[in-house]
Each structure stands twice: as C-alpha cells, then as structure tokens.
Amino acid sequence: MHDTTPRAAVRLPPWQHMAGSEFQRMLRGYLMDHHPGPGPRDPLARLEFQRRWAATLADDGWAAPAWPQRFGGMDLALDKLLIYYEEMARAGVPPHPSPNAFIVAPTIMASGSEAQCRRYLRPIVRAEELWCQGFSEPDAGSDLAALTTRAHAVGDRYIVTGQKVWTSKAMTADWMFALVRTGAPDSRHRGLTYLLIDMRSPGLTVRPLRDLTGGSWFGEVFFDDVAVPISQRVGAEGEGWRLARHSFGHERSSSRIAQVVRYERIVDELIALARSTGQASDANIRQQLAAVAIGSRLLKATFERVMARVLRGEDPGPASSISRLFLATFEQRLHEVALLVLGPAGMLAPDHPDADGCGRWIWGFLNTRASTIGAGTSEIQRSIMAERVLGLPR
C-alpha cells in the first residue's frame with residue numbers, strides 16, 4: 001500500500017537561495033558522506049542496489065531535481081540542475097533504475113488527476129515501482145498514429161487487446177504507460193488514449209527479446225482482454241497523442257541531461273584510452289577525437305536550451321527532436337571512433353576473455369546501433385524539424 005494522503009506544503013529548502021558554488025559544495029559533501037559504494041555485478045542484485053539508493057535520495061530530499069517541490073522534487077533552477085547532474089556523474093552514484101518513470105511522471109503531473117499524482121509520483125521517485133513505455137507495435141513503430149492495440153470501455157474499465165514490442169525493461173517493470181486505440185480503426189492520432197497499466201494484470205504476458213549485444217533489455221508485451229480501470233486513464237479519452245508528445249518532450253530533455261554529462265566523462269576516458277594505446281600519436285585519430293570532444297560540448301548546449309524551455313513551463317517543442325537526433329548520431333559516432341582506437345581488439349565480443357577493458361566500448365558500439373531507431377527514428381525527427389522548424393510541406 002502507498003500513502004495517498006495529501007502532503008503539506010514543503011517549505012523552501014536552503015539551496016533555493018544559495019549561490020551555485022555553495023550548492024555544489026553542499027551536494028558534493030552529501031555524496032561523499034552517503035555514497036553507496038560499488039554496485040554488485042548480478043543484474044537482479046544491482047537492481048535492488050539502485051532501488052535502495054533512489055529511496056535514500058528521495059527520503060533525504062535529493063531526488064527528482066526538476067520536479068516541483070509539492071510532488072517530492074527539488075525544483076532546481078537550470079544552473080543548479082546542471083550542477084546536480086554533473087556532481088552525480090562525477091561521483092559515479094547508481095542511476096535511477098527506472099528512467100521511463102521520469103518520462104511518464106511529468107505527464108501525470110501536467111494532465112493527471114490529483115489522485116493519480118498522490119498514487120504514482122512518490123513510488124516513482126523512491127523506485128518502489130518501475131515503469132516501461134508501451135508505444136511501439138510490430139506494425140506501428142515510428143508511425144504511432146497507426147497503432148492497433150485496442151481498448152473498449154465496458155462499465156468502469158477498458159478491455160485492452162493487442163501487442164507492444166521493443167519495450168525497454170518490460171521484464172522488471174511494475175507498470176506501463178501505453179497508447180491504445182479507443183477511436184475508429186482509421187482515426188489515426190485522434191483516436192488514441194493514454195493508459196497506466198499494471199504489469200501484473202491477468203491476461204498480460206511479457207516475452208524477452210534478445211538484442212545485438214546478447215542481452216535481453218527489451219520485451220514484447222501481449223494483451224489478451226486485459227482489464228484496466230478507467231481511473232487509470234490520464235487525460236480525456238482521445239487525448240493520447242497530445243500526452244505522448246508531452247512524454248516524448250520530457251524524455252528528450254530532463255531525463256537526457258544526465259546522459260550528456262556522462263558522455264563528457266566518456267569522451268575523456270576515450271581520449272585517455274587513445275593515449276594509453278599509443279593511438280593518440282596518429283593524426284587521423286586525433287582529428288576524430290577532437291570531433292567527438294566538440295560534439296559533446298555542442299550536445300550539452302543543445303540540451304541546456306531544451307531544458308530551459310521545460311523549466312519555464314513551456315512545451316519543449318521541435319527543439320526536443322533536434323536534441324534527440326543530435327544525441328543519437330553523436331553516441332553512434334563516439335563508439336565508432338572508440339573501435340578505431342581499439343583496432344583489431346574491436347572485433348572481439350564484449351564478453352570475450354581477451355576483450356578485458358575493451359568490452360565496454362565494444363558493447364557500446366553494438367548497443368548504439370539502435371540509437372537512431374529507439375524513441376523515435378532519426379527519419380521521424382528530421383520530418384518534424386522540416387515541418388515545424390523549416391516550415392516545409394508535409
């Protein structure tokens with residue numbers, strides 16, 4: 001059971017009036033005193049390790065830095081938000097185990113009921129409940145308006161039938177936020193509705209999918225007359241397309257800034273690898289490394305622009321598509337350069353005994369082959385930019 005009683009208004013914490021440098025010292029001191037140490041290698045043990053750390057941050061008031069305080073967040077301004085992510089990345093603390101939760105949460109805050117906010121947000125920030133995203137389907141990947149998973153109302157419930165695919169972390173998720181079709185088959189984006197679905201519901205089946213890295217980070221989800229209370233609908237029936245755009249905007253803004261900070265560190269590590277292997281003396285390799293170093297700075301500037309819009313309460317708009325496209329192509333190029341630095345060792349499997357420390361770069365190369373597909377293909381992002389930024393015809 002979760003506490004659903006309204007919370008009293010939270011008084012402004014001291015960091016709201018601190019200078020950035022003072023806030024940085026305060027956060028750095030907290031992380032030094034409370035760092036959980038290295039995590040276990042076993043995936044399930046690591047998941048529980050991450051959940052405990054997320055709960056600690058939430059209980060100590062250091063979680064959800066961009067959320068409003070009334071929802072358990074820190075409500076940080078942009079300057080302190082960037083400091084927060086930089087310090088977290090530098091300290092190497094565990095990430096939140098459910099990044100998808102920070103895609104659905106802003107949508108619940110903006111369009112959900114007060115009861116939904118009380119029910120879902122606290123368990124999200126403490127990692128008591130993990131989330132997955134149910135948008136893509138076998139015949140409706142980038143074209144979400146073509147999805148066919150059907151929901152029809154019977155009394156106080158929707159009955160959901162259909163299939164989702166390429167669902168990240170579906171095997172460990174407690175909840176899914178999903179788009180379903182409640183309109184006519186040809187209603188396209190006008191007939192979509194946004195539901196919150198309990199993954200333990202009778203009639204719901206999850207099957208893991210093995211990917212190029214050899215892991216099973218994705219799953220396909222089958223709905224066989226799954227009953228979903230109408231109270232778990234976010235917004236009005238038929239508003240799913242608008243809410244999905246809101247979710248996508250936050251996926252490409254607040255939930256991605258931590259990645260930007262992490263990639264700055266990874267670029268530094270790649271440069272150090274090139275020096276240790278002697279590849280830094282190659283003029284072509286140096287040029288490639290310079291390009292990815294510049295790219296990491298441009299990536300940060302792009303996401304700062306998007307995040308500034310979000311913190312002003314504005315829809316990220318097409319700027320989120322620009323940042324998403326830049327990130328996808330950047331992380332692919334970064335790992336291509338990493339394989340150039342590795343040379344013949346880059347041909348090994350990530351878990352090969354001789355891969356040694358090179359395995360992470362090989363795994364990253366294989367994993368980022370999907371970067372220009374997941375969360376909206378690069379072709380879709382370019383179409384959005386062409387129509388909504390350049391004003392080109394559909």
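# Helices, salt bridges and buried residues

Reader: Leaving aside its neighbours within four places in sequence, which residues is Q332 in contact with?

Author: Q332 touches T368, R369, S371 and T372, once the neighbours within four places in sequence are set aside. Contact here means heavy atoms within 4.5 Å. This is a predicted model, in which local features need pLDDT of at least 70, side-chain atom pairs count only at pLDDT 80 or more, and totals for chains, interfaces and linings use all residues. Residues are numbered from 1 along each chain as its sequence is written, and side-chain values use heavy atoms, with hydrogens and water left out.

Reader: Thanks! Where is Q332, and why is Q332 called buried?

Author: Q332 sits in helix α9. A residue is buried under 20% relative accessible area, exposed over 50% and partly exposed in between (1.4 Å probe, protein chains only). Q332 has a relative accessible area of 13%, so Q332 counts as buried.

Reader: How many helices and strands are there in the protein, and what percentage of the residues is buried?

Author: There are 11 helices and 8 strands. These are DSSP runs numbered from the N terminus (helices are H or I, at least four residues; strands are E, at least two). Of the 394 residues in the protein, 47% are buried. As for contacts between residues at least 6 apart in sequence, 71% of them join residues at least 24 apart.

Reader: What makes helix α4 mostly covered?

Author: The count of buried residues does: helix α4 spans residues 101-111, and 9 of its 11 residues are buried. Those residues are A101, F102, I103, V104, A105, P106, T107, I108 and M109.

Reader: Why are helices α1 and α3 called roughly parallel?

Author: Two packed helices are described by the angle between their axes and the distance between the axes. Helix α1 (residues 20-34) packs against helix α3 (residues 78-91) at an angle of about 30 degrees, and their axes are 10 Å apart. The axes are lines fitted to C-alpha atoms, for helices over the stretch in contact, and angles run from 0 to 180 degrees between N-to-C directions. Angles under 35 degrees count as roughly parallel, over 145 as roughly antiparallel, 65 to 115 as roughly perpendicular and the rest as oblique. The angle of about 30 degrees therefore makes α1 roughly parallel to α3.

Reader: Which residues make the contact of α1 with α3, and how do they divide into nonpolar, polar and charged?

Author: From α1 come G20, F23, Q24, L27, R28 and L31, and from α3 come K80, I83, Y84, E87, M88, R90 and A91. They divide into 7 nonpolar, 2 polar and 4 charged residues. In this scheme Ala, Val, Leu, Ile, Met, Phe, Trp, Tyr, Cys and Pro are nonpolar, Asp, Glu, Lys and Arg are charged, and the others, Gly among them, are polar.

Reader: What makes R28 and E87 a salt bridge?

Author: A salt bridge needs a side-chain nitrogen of Lys or Arg within 4 Å of a carboxyl oxygen of Asp or Glu. The side chains of R28 and E87 meet at 2.7 Å, N to O, so the pair qualifies. R28 is in helix α1 and E87 in helix α3, so this salt bridge ties together parts that are 59 residues apart in sequence. With a relative accessible area of 36%, R28 is partly exposed, whereas E87 is buried at 3%.

Reader: How many salt bridges are there in the whole structure, and what parts does the pair R51 and D174 tie together?

Author: The search finds 19 salt bridges. In the one between R51 and D174, the closest N and O atoms are 3.8 Å apart. R51 belongs to helix α2 (residues 43-60) and D174 to the loop between β3 (157-168) and β4 (175-181), so the pair ties together parts 123 residues apart in sequence. R51 is buried, at 17% relative accessibility, and D174 is buried with a relative accessible area of 17%.

Reader: How far apart in sequence are E336 and R333, and why is each called partly exposed?

Author: They lie 3 residues apart, about one turn of the helix, and both belong to helix α9 (residues 319-342). Their salt bridge has its closest N and O atoms 3.0 Å apart. The relative accessible area is 27% for E336 and 32% for R333, so both values fall between 20% and 50%.

Reader: Which residues are linked with R126 in a network of salt bridges?

Author: D59, R122 and E128 are linked with R126 in that network. R126 lies in the loop between α5 (114-125) and β1 (131-134). Leaving aside neighbours within four places in sequence, R126 is in contact with R51, A54, A55, A58 and D59.
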